[in-house]
Amino acid sequence: MGKRINISESDVKNHASEITNGASQMEKTNVVTIDDESTIAGNVISQNAYEACGQALAKLIEALRVEASKIEGLGDDFRQMDEELALLVKLVSE
């Protein structure tokens with residue numbers, strides 16, 4: 001017979017929670033002062049890069065939250081399948 005696969009529901013939930021919490025701790029820090037008076041071309045480029053990084057960070061945070069939710073959902077799916085298979089084996093064994 002094959003090896004038994006043990007999936008810890010608490011570990012799955014803890015890992016999903018850790019990912020969600022980690023994503024929540026990521027945040028864009030505001031620049032204290034933004035030079036909007038100078039005409040140096042680098043200022044506009046750096047401001048655009050700063051905004052692009054902020055948008056990328058927001059997308060990363062959302063992606064992490066979605067993946068954490070998927071991990072938790074897979075844990076629930078495995079638990080449900082395990083219960084259904086256990087019932088099936090019980091019915092076949094009788």
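Me: What do the buried residues of helix 2 pack against?

Reply: They pack against helix 1 (9-25); contact here means heavy atoms within 4.5 Å. This is a predicted model, in which local features need pLDDT of at least 70 and side-chain atom pairs pLDDT 80 or more, while totals for chains, interfaces and linings use all residues. Residues are numbered from 1 along each chain as its sequence is written, and side-chain values use heavy atoms, without hydrogens and water.

Me: Which residues of helix 2 are called buried?

Reply: Asn 43, Gly 54, Ile 61, Ala 68 and Gly 75 are buried, a term for under 20% relative accessible area (over 50% is exposed, in between is partly exposed; 1.4 Å probe, protein chains only). In the protein chain, buried residues make up 9% of the 94 residues.

Me: Why is Met 81 called partly exposed?

Reply: Its relative accessibility is 48%. Partly exposed covers values between the two cut-offs, so Met 81 receives that name. Met 81 lies in helix 2.

Me: How many residues does helix 2 have, and what span is expected?

Reply: Helix 2 (residues 41-93) has 53 residues. The expected span is 1.5 Å times one less than the number of residues, which gives 78 Å here. From first C-alpha to last, helix 2 reaches 77 Å, close to that expectation.

Me: What makes up the helices and strands of the chain?

Reply: The protein chain has 2 helices and 0 strands. Helices (H or I, at least four residues) and strands (E, at least two) are DSSP runs, numbered from the N terminus.
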